Amino acid sequence: VSTQHSSLTDSAINECVYLVTSSCSSFMQNHVSDEEEVTLVAKLVPTDPSLLPPGKPSRLVGVASLSFSQRGREPFSSLAPPAQQPYLSNMAVDPKVRRQGIGRAMLEACDAAAQDRGQDTVWLHVRQADAAALQLYTSYGYVEVGRDPAAVPGVFGLLLWQGTARAVRPRILMKRSLA
C-alpha cells in the first residue's frame with residue numbers, strides 16, 4: 001500500500017527515530033530479541049494520518065538484524081566477520097523515507113545494542129554496487145576491511161562453495177569501532 005506523501009516532516013522523523021533508538025517496536029520485541037540476535041524495527045507512528053496506509057495506526061519503515069554469534073548467521077565462504085563479534089545484516093529502509101535519518105538512527109540503535117552486550121566493534125557487508133549504502137556506512141564511521149574480487153560489470157560473479165557454484169554480488173566487509 002502506498003501513501004501520498006513525498007517526504008516526512010521533522011516531527012514524523014523524530015517519532016520514527018524515537019522508536020528505533022528505543023530498540024524493537026513493542027509488537028515484535030519478545031519475538032525477535034535474544035542473546036544471540038536482535039532485530040531492530042523502525043515503526044512510524046505519526047500524528048498525521050496522511051503518512052499512513054489507510055486504516056493503519058503505524059507503518060514499518062525499516063529493519064535491521066544484529067547477530068552476536070556464528071549460529072545466527074549464514075555461512076560465509078569469504079570475508080567472514082569474527083564469529084563472536086556483532087554482525088549487522090539485512091538492514092533495509094522503506095524507499096519512500098530514505099535519506100531522512102532513519103538508516104543512521106538504526107545504525108545508532110545497533111551500536112547501543114552491541115554496547116549493551118559489552119562489544120566494541122560492529123561488522124557488516126555491503127554490496128560493492130550499492131553506492132548509497134556504502135556512502136551511509138562510510139559517513140557513519142565504518143571502514144573497509146576487505147572486498148570480494150570484482151565481477152564483470154553487469155554479470156554476477158560465481159562462487160564455488162561446498163562443491164556447488166552459486167551467483168554472488170561482490171561485497172565489501174566493513175567494521176566500525178564503538179570506542
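**Exercise 1. List the residues that Ser67 contacts, leaving aside neighbours within four places in sequence. Then place Ser67 in the fold and decide whether Ser67 is buried or exposed.**

*Solution.*

1. Ser67 is in contact with Glu36, Glu37, Gly72, Arg73, Gln85, Pro86 and Tyr87, once neighbours within four places in sequence are set aside. The model is a predicted one.
2. Pick out Arg73. Its side chain makes a polar contact with the side chain of Ser67, at 2.8 Å.
3. Locate the residue. Ser67 belongs to strand S2, residues 59-67.
4. Check accessibility. The relative accessibility of Ser67 is 3%. Buried means under 20%. Ser67 therefore counts as buried.

**Exercise 2. Work out the strand order of the open sheet and name its edge strands.**

*Solution.*

1. The sheet has six strands. Read across, the order is S1-S2-S3-S4-S8-S5.
2. Find the edges. S1 and strand S5 (143-147) each pair on one side only, which makes these two the edge strands.
3. Add the twist. From one strand to the next it averages 25 degrees.
4. Recall the rule: sheet strands pair through backbone hydrogen bonds, either parallel or antiparallel. In this sheet the pairing is mixed.
5. Take one pair. S5 and S8 run antiparallel, over four bridges. Arg147 has Ile172 in S8 as its bridge partner.

**Exercise 3. Determine how H3 and H4 sit against the strands.**

*Solution.*

1. Start with H3. This helix lies across S1, S2, S3, S4 and S8. Against S3, H3 runs at about 155 degrees.
2. Turn to H4. This helix packs on the sheet and touches S3, S4 and S8. The directions of H4 and S8 make about 20 degrees.

**Exercise 4. Identify which residues of the largest nonpolar core touch the most other members, and which elements supply the core.**

*Solution.*

1. The largest nonpolar core holds 30 residues. Leu66, Leu88, Tyr137 and Tyr142 touch the most other members.
2. Trace the suppliers. Two or more residues come from each of strand S1 (37-44), S2, strand S3 (87-93), helix H3 (102-116), strand S4 (121-127), helix H4 (131-140) and strand S8 (171-177).
3. Rank them. H3 gives the most, with seven residues.
4. Look at Tyr142. Not counting residues up to four places away in sequence, Tyr142 touches Leu88, Leu107, Val122, Leu124, Tyr137, Met174, Lys175 and Arg176.
5. Note a separate core. Five residues form it, among them Phe76, Leu79, Tyr87 and Leu173. Tyr87 also appears among the contacts of Ser67.

Methods:
Residues numbered from 1 in each chain as written. Predicted model: local features only at pLDDT ≥ 70, side-chain atom pairs only at ≥ 80, totals over all residues. Heavy atoms only, no water. Buried < 20%, exposed > 50% of the residue type's maximum accessible area, 1.4 Å probe, protein only. Polar contact = N/O pair within 3.5 Å; in protein donor to acceptor, adjacent residues only side chain to side chain. Contact = heavy atoms within 4.5 Å. Core = buried A, V, L, I, M, F, W, Y, C linked by side-chain atoms within 4.5 Å. Pairing = 2+ DSSP bridges. Axes fitted to C-alpha atoms, helices over the stretch in contact; angles between N-to-C directions.
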